[in-house]
Every structure is written in C-alpha cells, then in structure tokens.
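Open your viewer and get ready to click along. We will go from stop to stop, selecting one piece after another.

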Amino acid sequence: MRQHAGALNRTWLVILGILALAGGVLILLAASGTLHAMSSATVAAESPVVPGDLHTVLEQASVTALVLMAGVLMGALGLLWILAQIPRRNPADRYRLHQDPASGTTLCDASVLGAAVENQINTLPGVVGSSALLRGTAMEPDLTMKVTVNNRADIQDVLHSINTRVIPDLSKALETPLRRTGIQLEVSGRNAVAGTTVETTGTVIY
Amino acid sequence: MKTPAAPAGSRDLDSRGRTVLYRKVVEKIAGQVASEESFAGGSSGGFLGIGAHSDFSARPKVTVELAGNIAALSVEIGLLYPVPLRQVTEQMRRRISERVNALTGVEVRQIDITVSWLKPADETTGRRRLL
C-alpha cells in the first residue's frame, strides 16, 4: 500500500558507487606509481600526495567558510535522503471529471471511489476487511487494494471476483481502464462481521 | 377634468404586482430536480451535520449564487455505484439547467458537482419500501 524511495536510492547509490570506484582506482594508481609513469606532473609513489603546505591554505577564512558550506550542503542532502526513506501512501487528492470547466466542474474525491471499492470487496464471501487506495489521475488511475480474508475464504474465487466485478465496475465509473492494479492479500483469524441481515422474498402463508 | 389615460399595457403591469423568488427557492427546485434522477441522492438524518447518512430518497444539497438573473449552482451529490460518472453528471447538469430555467426563468450558467458518496443500489436500510 505504501510507496518507497526505491528509484531514488538506486540512482544515488550508483552515483556514489561510481565516485568511490573512481577514487579507489586513482589511489591505487598513485600508490603503484603507474600514475607518475603516465604523467610526470603527478606525485610519485611513496611520496606525500599533497606536496605543498596544507596549513597555509587552510588558514585562510574563505577556505574555512567554503569547507563549512560544503559540509552543511552534504549534510542537508543526506538528511533529505533519509527523509525520503519514510514510506508514503501518496493518495490521489480528487479526480476532476469534467470536460468543459466553463459549464461547471465535476469533482470526486479519490477516497469516495476507494470507499465504494472497499464496500464492494467487503461483500465477497470470506473477506474480513479491505482497504483501497487510488493514485494517479482520473484518466490514468492506479488502484491498490489490501484484502484481508479469513480461513474459510476461497482465495482464487475472491481474486476472480475482484478481477471480474470490482475492477471493471471502477473502470466503468471512471470510464477509463485502470493503468495499474495491485492486490495485497492477508489472512486473518477474525470472522467476517459484515452481512448480519439478508433480504428475502419468501411466500407468506396466512 | 379628464386625465390622459395611461397605456393599457403598462397599467396592467403595475397592477399585476411583482414575483420575487428567494435564493432558497432556486436551491430547493434544483435539489428536487437532481433527486428525481434514479441514480442520485443526498444525505438525511443527523444533527448539525453529525451522523447524517447517505440516502437515495433525500434531496442533494444545492447552493446557489445569484447574480441578477444568472445563477451558478454547486451541487453535493451521492451517486449509484457503478455508473459512468462523467456521463451521468453531464446529464444531470443539462437537466438541472433546463428545469431550473423552465420553472423559474433563471439562467443557469455553471453547475459545479461534487460527488460525496457512491453506493450500490441493492443496499437497503432495513425498512419496508413502498413499491
């Protein structure tokens, strides 16, 4: 049901990996003396990497400020990366269903549609509870469902009902096929509490 | 002394009196027109808006903004699930606009529709229904 920062993590890990690999190769080349053999301007093996006096460079106030700012920037980027790890639901806000806004707008909260889907899933036999979440836009909706069933449920039957009734009904309501659908199934020991009454059209004998 | 006779038409208009429609009248008429559609409903019951439940026999809530003879309506409506939402709201917009114009003479320029709930038809309240 929740979305994670998978793509972001992969991108940044690849960038950091390439940087670390490049640094490692550079150090290896310098240590083995290959770098000095390739270009005489670089340091030779077993000599200090930085030939000049570092203290005079670092004593300047501008260099200190620059290092400080770079540190703060990297810290902030790291903090943002950590915050991006929090799983988010990212639900759609409201779907705009009008063609011509000049004659009036038609708005439907995605949670209203989600509640309708939940109501429909809850009537399936063996389903204890469900939650539905819509993402995307009204033209390209994504539906994610979490369905909790009990041990009496026929899971294939529940999935078949969801695929043949619940999803087509939602795409009928939105008048567009769903772009992506996700179903998460859970099994619980609870009893289904829905369905306490049943409608009957029996014959009354006087 | 004889006063010149006023033109018959204008005297008639003066003596007829005026008809004033309050905003609420337009709101009620629009709500009634909307509730006459079989797939639409409003909410009923509750106290100060707390505990209201969705009801297909209730009138949807309508708010009217009047500017002269031109009205902009905003309708909060519940709909049958599943119906094609774009189609039925467009149909309802046309119908409200036509009926309000025919019954009150007010020109409806904009109708904003907010879908507040969606329910299947076979959900009964447990009460007996008149057939």
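## Stop one: chain A and its domains

Chain A is divided into two parts you can colour separately: domain 1 (6–83) and domain 2 (94–187). Keep in mind that this is a predicted model. Taken over C-alpha atoms, the centres of domain 1 and domain 2 of chain A lie 51 Å apart.

## Stop two: helix 6 of chain A

Now select residues 155–174 of chain A, which form helix 6. How far apart are the end C-alpha atoms of helix 6 of chain A? They are 27 Å apart, which agrees with the 28 Å that its 20 residues should span at 1.5 Å a residue.

Look along the helix for a change of direction: helix 6 of chain A bends by about 35° at Ile162(A). Ile162(A) is also one of the buried residues of this helix. The others to click on are Val158(A), Val166(A), Leu170(A), Ala173(A) and Leu174(A). As you look at their numbering, remember a rule about helices. An α-helix has 3.6 residues a turn, so residues three or four places apart point the same way.

What do the buried residues of helix 6 of chain A pack against? Within chain A, the partners are helix 5, strand 3 (127–136), strand 4 (141–149) and strand 5 (180–187). Chain B takes part too, through its helix 3 (85–104). Before you leave, click on Glu175(A), just after helix 6 of chain A, where phi is positive at about 60°.

## Stop three: Ser131(A)

Next, select Ser131(A), which sits in strand 3 of chain A. Is Ser131(A) buried or exposed? The answer lies in between: Ser131(A) is partly exposed, because 16 other C-beta atoms lie within 10 Å, and 20 or more would be needed for a residue to be buried. Leaving aside neighbours within four places in sequence, Ser131(A) is in contact with Glu118(A) and Lys146(A). For a distance to try in your viewer, Ser131(A) and Leu97(A) are 23 Å apart, C-alpha to C-alpha, and 34 residues apart in sequence.

## Stop four: where the chains touch

Show both chains together. The contact between them takes 18 residues from chain A and 20 residues from chain B. On the chain A side, strand 2 (106–109), helix 5 (110–122) and helix 6 (155–174) each supply at least two residues. The chain A residues that touch chain B divide into 8 nonpolar, 6 polar and 4 charged.

Zoom in on strand 2 of chain A, which runs parallel to strand 5 (residues 107–119) of chain B and is joined to it by 3 bridges. One pair to pick out is Cys108(A) with its bridge partner Val115(B).

## Stop five: chain B

Finally, hide chain A. Chain B has 3 helices and 5 strands, and along the sequence they follow the pattern α-α-β-β-β-β-α-β. Of the 131 residues in chain B, 31% are buried.

Select strand 1 (residues 40–44) of chain B. This strand is largely enclosed by the rest of the structure, because 4 of its 5 residues are buried. Which strands pair with strand 1 of chain B? Strand 4 (residues 70–80) of chain B does so in the antiparallel sense over 2 bridges, with Gly41(B) and Gly78(B) as bridge partners. Strand 2 (residues 53–55) of chain B is also antiparallel to strand 1, over 3 bridges, and here Ser44(B) has His53(B) as its bridge partner.

Technical notes
Residues are numbered from 1 along each chain as its sequence is written. Chains are lettered from A and ligands numbered from 1 in the order in which they are written. This is a predicted model: local features need pLDDT of at least 70, side-chain atom pairs count only at pLDDT 80 or more; totals for chains, interfaces and linings use all residues. Two residues are in contact if their C-beta atoms, placed from the backbone, lie within 7 Å. Ala, Val, Leu, Ile, Met, Phe, Trp, Tyr, Cys and Pro count as nonpolar, Asp, Glu, Lys and Arg as charged, and the others, Gly among them, as polar. Two strands pair if DSSP finds at least two bridges between them. A residue is buried if 20 or more other C-beta atoms lie within 10 Å of its own, exposed if 12 or fewer, and partly exposed in between; C-beta atoms are placed from the backbone. Domain bounds come from an automatic or database domain assignment. The expected span of a helix is 1.5 Å times one less than its number of residues. The bend at a residue is the angle between axes fitted to the seven residues ending there and the seven starting there.
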